[in-house]
Amino acid sequence: EMFIQMAISAPLAMVVIFILMLLFFRKLILVISPMIVAMVAVISTMGLLIGFGHPVHIMSSMIPIFLMPIAVVDSVHLLSEFFDLYTRQKGRKNTILEVMDNLFVPMLYTSLTSAAGFASLALTPIPPVQVFGIFVATGIMIAWLCTVTFVPAYIMMISEKSLENFGHK
């Protein structure tokens, strides 16, 4: 029953996140990158969990549900700041450099503190909770790494035409 519920809940959570981001940004091409980051973080984390020989149990099956919204947070901050600063005259490269200059350290600190919070679950005397905390913390840092490397590169690959009517005037 647990696996059936998670097979429904995890994709449903991803669909809700996708629809909300599409409503916020109104550009499908931009919403794709946070979704890729979330999928990479979840798949990598669950792969590491299984690769290290831990069983998928009730606690660890909730890792994707916790990780998906956390994984898109930094990407949403990055895209939001990009939206605020982007102008056609400034261009993508200068805008993304400014965005990364503004957000790199705050995104790092928030990811580190979130990861530390989940990692602190490793101190509990309950093994499934320990595994859950360690792997959610690992997934948060994977998501941060993917966000600061992949999302700026993805934005640079978007055509200028796709960014028409994007950003503040």
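Of the 169 residues in this chain, 40% count as buried. That figure, like the rest of what I will show, comes from a predicted model.

Let me start with the overall fold. The chain has five helices and zero strands. Going along the sequence, the pattern reads α-α-α-α-α. The radius of gyration is 17 Å, close to the 15 Å that the globule rule gives for 169 residues, so the chain is as compact as a globular protein of that length. Along the principal axes, the C-alpha atoms fill a box of roughly 55 × 30 × 20 Å.

Now the contacts and the surface. If you take the contacts in the chain with a separation of 6 or more, 72% of them are between residues 24 or more positions apart. The exposed surface comes to about 8,900 Å², and carbon and sulfur atoms supply 73% of that area. As for charge, there are 8 positive and 8 negative charges in the chain. Their mean positions are 12 Å apart.

Next, the aromatic residues. How many aromatic pairs does a search of the whole structure find? The search finds seven. One of them is F66 with F118, an edge-to-face pair with 6.1 Å centre to centre and 85° between the planes. F66 sits in helix α3, residues 63-85, and F118 in helix α4, residues 91-119, so this pair ties together parts that are 52 residues apart in sequence. The two rings have their own levels of cover. F66 is partly exposed, at 34% relative accessibility, while F118 is buried at 18%; the cut-off for buried is under 20%. Ring pairs also bring in F132, and link F66, F118 and F132 into a cluster.

On to some single residues, beginning with R92. This arginine is in helix α4. Is R92 buried or exposed? R92 is buried, with a relative accessible area of 15%. Leaving aside neighbours within four places in sequence, R92 is in contact with F82 and Y86, then with I155, M156, M157, I158, S159 and E160, and also with L163. For a distance in the other direction, take R92 and A143, which are 51 residues apart along the chain. Their C-alpha atoms are separated by 23 Å.

I155 appears in that contact list, and we can look at it from its own side. I155 is in helix α5, residues 127-157. The relative accessible area of I155 is 0%, and I155 is buried. Which residues does I155 contact, leaving aside its neighbours within four places in sequence? They are L78, L79, F82, R92 and I96. F82 is therefore on the contact list of R92 and on that of I155, with contact meaning heavy atoms within 4.5 Å. The C-alpha atoms of I155 and K93 are separated by 8.8 Å, with their positions 62 residues apart along the chain.

Staying in helix α5, there is Q130. Q130 counts as partly exposed, at 24% relative accessibility. Leaving aside neighbours within four places in sequence, the contacts of Q130 are L121, A122, T124 and P125. Q130 and V42 are 88 residues apart along the chain, and their C-alpha atoms are separated by 18 Å.

Then T45, in helix α2. T45 is buried, at 0% relative accessibility. Again leaving aside neighbours within four places in sequence, T45 is in contact with I63 and L67, and with F135, G139 and I142.

The last residue is R26, and here the point is the backbone. Where is R26 placed? R26 is in the loop between α1, residues 2-25, and α2, residues 28-51. Phi of R26 is near 55°, a positive value in a residue other than glycine. Most residues other than glycine have a negative phi. R26 counts as exposed, at 66% relative accessibility.

To recap: this is a predicted model with five helices and zero strands. The aromatic pairs number seven, by a search of the whole structure. Of the single residues, R92 is buried at 15%, I155 is buried at 0%, and T45 is buried at 0%. Q130 is partly exposed, and R26 is exposed. That is what I have.

Key
Residues numbered from 1 in each chain as written. Predicted model: local features only at pLDDT ≥ 70, side-chain atom pairs only at ≥ 80, totals over all residues. Heavy atoms only, no water. Helix = DSSP H or I, 4+ residues; strand = E, 2+ residues; numbered from the N terminus. Rg over C-alpha atoms; globule rule 2.2 N^0.38 Å. Buried < 20%, exposed > 50% of the residue type's maximum accessible area, 1.4 Å probe, protein only. Areas by Shrake-Rupley, 256 points an atom, 1.4 Å probe, with all protein chains shown as cover. Lys, Arg positive; Asp, Glu negative; His and termini not counted. Charge placed at Lys NZ, Arg CZ, Asp CG, Glu CD. Phe/Tyr/Trp six-rings, centres within 6.5 Å; stacked < 30°, edge-to-face > 60°.
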